[in-house]
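Please open the structure in a viewer and keep the sequence at hand. The tour below proceeds by selection, with a short account of what each stop contains.

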Amino acid sequence: MNGRVALVGAGPGDPELLTLKAVRCLQEADLILYDALVDPEVLNLAPNARRFYVGKRGGRPSFKQEDIQALMIKAARRGEYVVRLKCGDPFVLGRGGEEAIALSKAGIPFEVVPGVTSAISAPLLAGIPVTHRGVSPAFLMLSGHTRESWSPIIKSVSPNSVTIVVLMGIRSRMRLSDYLIQQGWRPDTPVAILLAASTPNAETWTGTLRSLRDAFDHLDYVDSPGTIVIGDVVDVAQQIRPMMTHSRAEPIAPAKRAVSTYL
């Protein structure tokens with residue numbers, strides 16, 4: 001009595017940045033296993049589903065990946081339609097590939113619904129193009145968790161030849177800044193930190209590689225997700241932002257009936 005699973009990208013936060021297919025999956029779901037940082041308004045698009053939080057945040061107690069996969073498989077084997085709702089895109093630093101492999105091995109049919117990754121959308125919403133003719137022909141996306149994850153990649157490109165976009169790198173920003181300068185990147189290379197992109201709490205800091213370590217003397221970081229953009233494209237935003245506007249629809253009303261938050 002197998003059900004099915006959808007690995008769905010929730011985008012950077014704003015519910016209006018969901019794809020139409022993602023919305024349809026939420027409306028049809030029996031169970032949603034959702035990540036940290038998923039906007040509550042997104043969950044309101046699933047009026048008939050039970051919801052179960054399986055989010056992870058760095059340095060805090062969280063669900064083990066194996067347990068999340070076991071929950072998906074168990075519910076699907078009960079005949080349910082399970083939506084695994086993941087921030088951004090399921091396969092961009094989201095361990096969606098591991099979940100897809102686990103489902104395949106268990107014989108559970110599934111689909112993957114792409115989402116808008118913050119690696120592109122966070123800079124875009126701040127008026128920063130990750131590539132720009134005559135400024136940067138390419139961009140490099142990195143996980144900022146550990147030096148071991150990003151140092152070999154940085155070594156593979158010439159200094160200041162591409163835009164670097166760093167996800168999950170706020171805590172390692174000082175080491176990253178020092179390493180880039182050691183590798184020959186200009187200390188005055190423009191840098192932006194983009195917090196809570198696409199949400200009403202969005203905030204932008206701009207500076208240089210040299211001043212990156214002091215960024216949070218001027219920002220209220222609290223618990224916002226952050227994206228770091230490094231490269232001359234950051235300065236292009238000065239020409240884009242003056243007439244750039246942001247609109248957002250009225251909040252989505254909560255489901256009229258109560259939904260359980262447990263399995």
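Helices and strands are here DSSP runs numbered from the N terminus, a strand being a run of E with at least two residues. The model on display is predicted.

**First stop: a surface patch**

Select Phe-139, which belongs to strand 6, the run of residues 139–143. Phe-139 has a relative accessible area of 34% and is therefore partly exposed. Now add Ile-120 and Leu-124 to the selection: together with Phe-139 they make a nonpolar surface patch of about 260 Å².

**Second stop: the nonpolar cores**

Proceed to the largest nonpolar core, which has 22 residues. Which of its residues touch the most other members? They are Ile-154, Ile-164, Leu-180, Ile-193 and Ile-230. Two or more residues of this core come from each of strand 6, helix 6 (147–155), strand 7 (163–167), helix 7 (173–182), strand 8 (190–195) and strand 10 (226–230).

Centre the view on Ile-164. Leaving out residues up to four places away in sequence, Ile-164 touches Leu-140, Leu-142, Ile-154, Leu-180, Trp-185, Ile-228, Val-229 and Ile-230. There is also a second, separate core of 21 residues, and among its members are Ala-22, Val-38, Val-83 and Leu-85.

**Third stop: the salt bridges**

Side chains of opposite charge can pair when their charged atoms come close. How many salt bridges does a search of the whole structure find? The search finds 12.

Select Arg-50 and Glu-80, whose side chains form a salt bridge with an N to O distance of 2.9 Å. Arg-50 lies in strand 3 (residues 50–53), while Glu-80 is in the loop between helix 3 (65–77) and strand 4 (81–86), so this pair ties together parts that are 30 residues apart in sequence. Are the two partners buried or exposed? Arg-50 is partly exposed, at 24% relative accessibility, whereas Glu-80 is buried, at 11%.

Next, select Lys-86 and Glu-99. In this salt bridge the closest N and O atoms are 3.3 Å apart. The pair links distant parts of the chain, with Lys-86 in strand 4 and Glu-99 in helix 4 (residues 96–106), 13 residues apart. Both partners are buried: Glu-99 has a relative accessibility of 0%, and Lys-86 has one of 2%.

Move on to Arg-186 and Asp-188, another salt bridge, in which the closest N and O atoms are 2.9 Å apart. Here Asp-188 is partly exposed at 45% relative accessibility, and Arg-186 is partly exposed at 33%. Return then to Lys-86 and Glu-99 and add Asp-35 and Arg-84, since salt bridges that share partners join these four residues into one network.

**Fourth stop: the cysteines**

Select Cys-25 and Cys-87. A search of the whole structure finds zero disulfides. Why is Cys-25 in no disulfide? A disulfide requires two cysteine sulfur atoms within 2.5 Å, and the cysteine sulfur nearest to that of Cys-25 belongs to Cys-87, 16 Å away. Likewise, Cys-87 is in no disulfide, its nearest cysteine sulfur being that of Cys-25. Cys-25 is buried, with a relative accessible area of 0%, while Cys-87 is partly exposed at 27%.

**Fifth stop: three single residues**

Select Gln-69, which is found in helix 3. With a relative accessibility of 13%, Gln-69 counts as buried. Apart from neighbours within four places in sequence, Gln-69 is in contact with Glu-98, Glu-99 and Ala-102. Glu-99 is the residue already visited as the salt-bridge partner of Lys-86.

Select Asp-14 next, in the loop between strand 1 (4–9) and helix 1 (20–28). Asp-14 is buried, at 8% relative accessibility. When residues up to four places away in sequence are not counted, Asp-14 touches Ser-198 and Arg-248.

Finally, select Glu-203, which lies in strand 9 (residues 203–208). Glu-203 is partly exposed, with a relative accessible area of 30%. To place it against another part of the chain, add Val-162: Glu-203 and Val-162 are 41 residues apart in sequence and 24 Å apart in space, from C-alpha to C-alpha.

Conventions. Residues are numbered from 1 along each chain as its sequence is written. This is a predicted model: local features need pLDDT of at least 70, side-chain atom pairs count only at pLDDT 80 or more; totals for chains, interfaces and linings use all residues. Side-chain values use heavy atoms; hydrogens and water are left out. Patches are made of residues with over 30% relative accessible area and no salt bridge: like charges are joined within 9 Å, nonpolar side chains (Val, Leu, Ile, Met, Phe, Trp, Tyr) within 5 Å. Accessible areas come from the Shrake-Rupley method with a 1.4 Å probe; for residues, only the protein chains shown count as cover. Helices (H or I, at least four residues) and strands (E, at least two) are DSSP runs, numbered from the N terminus. Buried means under 20% relative accessible area, exposed over 50%, partly exposed in between (1.4 Å probe, protein chains only). A nonpolar core is a set of buried Ala, Val, Leu, Ile, Met, Phe, Trp, Tyr and Cys residues joined through side-chain atoms within 4.5 Å. Contact means heavy atoms within 4.5 Å.
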